[in-house]
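Let us take a walk through this structure together. Keep the sequence and the 3D view open as you read.

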Amino acid sequence: GLFWTAQGSLMMAYATPNTRGKLIALFWILFNLGGVAGGLLEFALNYDSGDSASANPTSYFTFIGIMLSGAVLAPCVLADPAK
């Protein structure tokens, strides 16, 4: 709840009145694409798995690797505050 509130207030604070709708739409598109990509990745990793009761352990390591690479690469997309 708290992070959703902070995210919404930041979107409203940084956006101009003309771009608020576009930024909210862009957020929801990216948010939902993350779920779609995660579901497709999980499906692809477990498609040939014979055990339908659990996921392949490779899928867990893959998601951990993606999360770690995202955390490492996140500072690369930060804007320079001096500009």
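What follows starts at a loop, moves on to a helix and its surface, and ends with the aromatic rings.

Please keep in mind that this is a predicted model. A good place to begin is alanine 15, which sits in the loop between helix 1 (2–14) and helix 2 (20–46). Is alanine 15 buried or exposed? Its relative accessibility is 7%, and because buried means under 20%, alanine 15 counts as buried. Leaving aside residues up to four places away in sequence, alanine 15 touches Arg20 and Leu23. For a sense of distance, look across to serine 69: this residue is 54 residues from alanine 15 along the chain, and 28 Å separate the two C-alpha atoms.

Leu23, one of the contacts of alanine 15, also takes part in a nonpolar surface patch. The other members of this patch are Leu26, Ile29, Leu30, Leu33, Val36 and Leu40, and the area is about 650 Å². Pick out leucine 30 as an example from the patch. Leucine 30 is located in helix 2, and with a relative accessibility of 53% it counts as exposed, because the cut-off for that word is over 50%.

Now turn to the aromatic rings. How many aromatic pairs does a search of the whole structure find? The search finds four. One of them joins phenylalanine 27 and phenylalanine 31 in a stacked arrangement, with 5.8 Å from centre to centre and 25° between the planes. As a rule, the distance of the centres and the angle of the planes are what describe a pair of aromatic rings. Both phenylalanine 27 and phenylalanine 31 belong to helix 2, where they are four residues apart, about one turn of the helix. Phenylalanine 27 has a relative accessibility of 22% and counts as partly exposed; phenylalanine 31, at 41%, is partly exposed too.

Another pair brings together phenylalanine 43 and tyrosine 47. This pair is edge-to-face, with 5.3 Å centre to centre and 65° between the planes. Are these two residues buried or exposed? Phenylalanine 43 counts as exposed at 52% relative accessibility, and tyrosine 47 is exposed as well, with a relative accessible area of 54%.

To finish, go back to phenylalanine 27 and phenylalanine 31 and look for a tryptophan: Phe27, Trp28 and Phe31 form one aromatic cluster.

Methods
Residues numbered from 1 in each chain as written. Predicted model: local features only at pLDDT ≥ 70, side-chain atom pairs only at ≥ 80, totals over all residues. Heavy atoms only, no water. Helix = DSSP H or I, 4+ residues; strand = E, 2+ residues; numbered from the N terminus. Buried < 20%, exposed > 50% of the residue type's maximum accessible area, 1.4 Å probe, protein only. Contact = heavy atoms within 4.5 Å. Patch = residues over 30% accessible without salt bridge, like charges linked within 9 Å, V, L, I, M, F, W, Y side chains within 5 Å. Areas by Shrake-Rupley, 256 points an atom, 1.4 Å probe, with all protein chains shown as cover. Salt bridge = Lys/Arg side-chain N within 4 Å of Asp/Glu carboxyl O. Phe/Tyr/Trp six-rings, centres within 6.5 Å; stacked < 30°, edge-to-face > 60°.
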